[in-house]
Structures are given as C-alpha cells and as structure tokens.
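Got your viewer open and a hand on the mouse? Load the model below and follow along, one selection at a time.

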Amino acid sequence: MTYVYTISELAEEFDISARTIRYYEEINLIHPNRTENGYRIYTRRDRARLRLILRGKRFGFSLEEIAEMITLFDKDRTGEKQLEVTIQYGQKKLLEMEEKINDMVALKGEIEELLLDFQKRLNKIKEEKKNEFV
C-alpha cells in the first residue's frame, strides 16, 4: 500500500507553510508527483526528505549543505558517503556552535560587570542625595 500526502497535510504535520514546501520543490529537494488535475501528492519518501530538510535547518545547515547530504544517499544507497559528509558538516557545525557559546558566555560576563558597575554608581548617587538632605 502506497501512502500519499497532500501539501496541506504535510504543512500541518510539520507546522510550516505550503509555500515553504513548494519552495523546497522549486530547488529540487523534494519531488512530488502530480494527479491528473495537477495537484501535488507526496510519498513517504518525500515526507522523509522533508523531515530531513527541516532537521537540517533546525541544526543550522544551509540548504546547499542539506541538499548535498540528502542527494548523496540517492547516489550511494549504502549511505556511506552520505554519513561521511554528514559527519564532516556536523563536526564543523559543532565547532561553530562552541565558538558562539564562548562568545555568548564572554558577552554575558561583560554585561554582568556593566550591570554591577551601574548598580554601584546608582547606589552612590542615591547615597549622595540622601546625605544632602541630612
């Protein structure tokens, strides 16, 4: 039994717009079939590819990287090359994330220092005002 999905079913399932799905079709990431009336119908394979695309986007991969990782499986059904490239991209992405985390931690420290300094200055101003009226 072949399962098929409409564009609206996939859009609802993945909480994305039908336009997004059509865009992925335009850039050849998914390849739905058409009914006699011209309606798109998506197979389980299309659904699986859409899931991979959205996962890749969530992880911060570009559409070009996602396309390469997905299409490699079509060229090598063992999945070996796909896994090698995915690992390579994943390692690169982890390094980028670590760099961003380090930058954010440093920025957090700077903000904490500024807030502490501002609080001290505010307290000093309030103390000076209080002493003026005594």
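What follows is a walk through a predicted model, from the whole chain down to single residues.

**Stop 1: the whole chain**

Start with a cartoon view and nothing selected. You should be able to pick out five helices and three strands. Going along the sequence, they come in the order β-α-α-β-β-α-α-α. Now zoom out and look at the overall outline. The radius of gyration is 26 Å, well over the 14 Å that the globule rule gives for 134 residues, so the protein is more spread out than a compact globule. Along the principal axes, the C-alpha atoms fill a box of roughly 90 × 35 × 25 Å.

Switch on a surface for a moment. The accessible surface is about 10500 Å², and 55% of that belongs to carbon and sulfur atoms. Buried residues account for 22% of the 134 in the protein. If you like thinking in contacts, take the ones between residues at least 6 apart in sequence: 44% of these join residues at least 24 apart.

**Stop 2: the sheet**

Select residues 4–5, 33–34 and 40–43, which are β1, β2 and β3. Which strand sits in the middle of the order? The open sheet runs β1-β3-β2, with antiparallel pairing. That puts β1 and β2 at the edges, each with a single partner strand, so one side of each has no neighbour in the sheet.

Now show the residues that face each other across the strands:

- β1 with β3: this antiparallel pair is held over two bridges, and Tyr5 has Tyr42 as its bridge partner.
- β2 with β3: two bridges join these antiparallel strands. Asn33 stands opposite Ile41, and Arg34 stands opposite Arg40.

Follow the backbone from β2 into β3 and you go round a hairpin with five residues between the strands. Click on Gly38 in that turn: its phi is positive, about 90°.

**Stop 3: the nonpolar core**

Next, show side chains for Leu10, Ile21, Tyr24, Tyr42, Ile53 and Ile66. These have the most contacts inside the largest nonpolar core, a set of 20 residues. Which helices feed into this core? At least two residues come from each of α1 (7–14), α2 (18–26), α3, α4 (63–75) and α5 (80–132). The largest share, five residues, is from α4.

Stay with Tyr42 and expand your selection to whatever touches it. Leaving out residues up to four places away in sequence, its contacts include Tyr3, Val4, Tyr5, Thr6 and Ile7. Also on the list are Leu10 and Ile21, both named above among the core residues with the most contacts. Glu25, Ile30 and Pro32 complete the set.

**Stop 4: two charged side chains under cover**

Select Arg49, in helix α3 (residues 44–58). Is Arg49 buried or exposed? Its relative accessible area is 6%, under the 20% cut-off, so it counts as buried. Try a distance label here: a polar atom of the Arg49 side chain lies 2.8 Å from the backbone oxygen of Leu29. Beyond its neighbours within four places in sequence, Arg49 is in contact with Asn28, Leu29, Ile30 and His31, and also with Ile70, Thr71 and Asp74.

Now move to Glu65 in helix α4. Glu65 has a relative accessible area of 12% and is buried too. Which backbone atom lies 2.9 Å from a polar atom of its side chain? Turn to Ser62: the atom is its backbone nitrogen. Setting aside neighbours within four places in sequence, Glu65 is in contact with Tyr89 and Lys92.

**Stop 5: two backbone oddities**

Finish with the loops and a look at backbone angles. Most residues other than glycine have a negative phi. Select Asp15, in the loop between α1 and α2: Asp15 is not a glycine, yet its phi is positive, about 55°. With 71% relative accessibility, Asp15 is exposed.

Then hop to Asn28, in the loop between α2 and β2. Asn28 also has a positive phi, about 65°, without being a glycine. You have met Asn28 already, as one of the contacts of Arg49.

Methods
Residues numbered from 1 in each chain as written. Predicted model: local features only at pLDDT ≥ 70, side-chain atom pairs only at ≥ 80, totals over all residues. Heavy atoms only, no water. Helix = DSSP H or I, 4+ residues; strand = E, 2+ residues; numbered from the N terminus. Buried < 20%, exposed > 50% of the residue type's maximum accessible area, 1.4 Å probe, protein only. Polar contact = N/O pair within 3.5 Å; in protein donor to acceptor, adjacent residues only side chain to side chain. Contact = heavy atoms within 4.5 Å. Core = buried A, V, L, I, M, F, W, Y, C linked by side-chain atoms within 4.5 Å. Rg over C-alpha atoms; globule rule 2.2 N^0.38 Å. Areas by Shrake-Rupley, 256 points an atom, 1.4 Å probe, with all protein chains shown as cover. Pairing = 2+ DSSP bridges.
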